[in-house]
Amino acid sequence: APDELRCVADLESTRRSVAPQTEIVYEGQKNHAAWLLLEGWANSYKIVPDGGRQIIGFPLPGDFMGLRSILLRTSDHSFESLTDAVISEVSQQRMTQIFQDFPRLATAIMWGASRDEAMVV
C-alpha cells in the first residue's frame, strides 16, 4: 500500500556510512536501535568461550540487524560491517510505532526475521 511504501522509504532516511570492521551491534547490548543494512557487507556472530567468533550469518542489503534485541531488550549476538557500508538507524520507539500503524508491514518484517533465525538453528 502507498502508506507502507512511504514508511519503508522513511526507514532509509537516517543513512550513515560506516567503515569496514565497524561494530554496529554488540552481544549483550541493551536499549539500542535496530539497523537496516542499505549497502555493503556485514556479518553476525557470537563470541565463543575461547574468545573466538562463531559466524552466524551475513545480512544482505535490506536486512535488519539487531531487530530481535529490540524485542528481547538485549542483543544475543553482534553485527559488524565487513566492507564500507551504509546503514540506517530505526529506534525502538519508531519500530514499535510501525508495528502498531502497519500490521502487514510488521508481519513481513517479523516473517523475515523468523526465516533468518530458522536458517541459523
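Buried means under 20% relative accessible area, exposed means over 50%, and partly exposed lies in between. The model used in these exercises is predicted.

**Exercise 1. Burial classes in a salt bridge**

Task: Determine which burial class Arg 6 and Asp 3 each fall into, and where the two residues lie.

Solution.
- Step 1. Find the contact. The side chains of Arg 6 and Asp 3 form a salt bridge, at 2.1 Å from N to O.
- Step 2. Place the residues. Both belong to helix H1 (residues 2-11). They are three residues apart, about one turn of the helix.
- Step 3. Classify Asp 3. Its relative accessibility is 44%, so Asp 3 counts as partly exposed.
- Step 4. Classify Arg 6. Its relative accessible area is 52%, so Arg 6 is exposed.

**Exercise 2. Salt bridges across the chain**

Task: State how many salt bridges the model has, then describe the one between Glu 39 and Arg 15 and the one between Lys 46 and Glu 27.

Solution.
- Step 1. Apply the cut-off: a side-chain nitrogen of Lys or Arg within 4 Å of a carboxyl oxygen of Asp or Glu. The count comes to six salt bridges.
- Step 2. Take Glu 39 and Arg 15. Their side chains meet at 2.9 Å, N to O. Glu 39 sits in strand E3 and Arg 15 in strand E1, so the pair ties together parts that are 24 residues apart in sequence.
- Step 3. Check their exposure. Glu 39 is partly exposed at 40%. Arg 15 is partly exposed at 45%.
- Step 4. Take Lys 46 and Glu 27. Their salt bridge spans 3.6 Å, N to O. This pair links distant parts of the chain, 19 residues apart: Lys 46 is in strand E4, and Glu 27 is in the loop between E2 and E3.
- Step 5. Check exposure again. Lys 46 is partly exposed, with a relative accessible area of 30%. Glu 27 is partly exposed at 30% relative accessibility.

**Exercise 3. Two open sheets**

Task: Give the strand order and the edge strands of the sheet that holds E7, then of the sheet that holds E8.

Solution.
- Step 1. Write the order of the sheet with E7. Its four strands run E2-E7-E4-E5, with antiparallel pairing.
- Step 2. Name its edges. Strand E2 (23-25) and E5 each pair on one side only. The twist averages 40 degrees from one strand to the next.
- Step 3. Look inside. Strand E4 (residues 42-47) and strand E7 (residues 78-81) pair over four bridges. Asn 43 has Glu 80 as its bridge partner in E7.
- Step 4. Write the order of the sheet with E8. It is an open, antiparallel sheet of four strands, E1-E8-E3-E6.
- Step 5. Name its edges. E1 and E6 each have a single partner strand, so one side of each is left without a neighbour in the sheet.
- Step 6. Look at E3 and E6. Strand E3 (residues 34-39) pairs with E6 over two bridges. Leu 36 has Phe 64 as its bridge partner in E6.

**Exercise 4. Three single residues**

Task: Decide whether Ser 88 is buried or exposed, do likewise for Gln 21, and place Phe 58.

Solution.
- Step 1. Ser 88 lies in strand E8 (residues 85-90). Its relative accessible area is 0%, so Ser 88 is buried. The Ser 88 side chain reaches the backbone oxygen of Leu 11 at 2.5 Å.
- Step 2. Gln 21 lies in the loop between strand E1 (15-18) and E2. At 64% relative accessibility, Gln 21 is exposed. Gln 21 has a positive phi of about 65 degrees, although it is not a glycine.
- Step 3. Phe 58 is in the loop between strand E5 (53-57) and strand E6 (64-65). At 46%, Phe 58 is partly exposed. It joins Trp 41, Ile 55, Leu 60 and Leu 82 in a nonpolar surface patch, with about 490 Å² of accessible area together.

Methods:
Residues numbered from 1 in each chain as written. Predicted model: local features only at pLDDT ≥ 70, side-chain atom pairs only at ≥ 80, totals over all residues. Heavy atoms only, no water. Patch = residues over 30% accessible without salt bridge, like charges linked within 9 Å, V, L, I, M, F, W, Y side chains within 5 Å. Areas by Shrake-Rupley, 256 points an atom, 1.4 Å probe, with all protein chains shown as cover. Buried < 20%, exposed > 50% of the residue type's maximum accessible area, 1.4 Å probe, protein only. Pairing = 2+ DSSP bridges. Axes fitted to C-alpha atoms, helices over the stretch in contact; angles between N-to-C directions. Polar contact = N/O pair within 3.5 Å; in protein donor to acceptor, adjacent residues only side chain to side chain.
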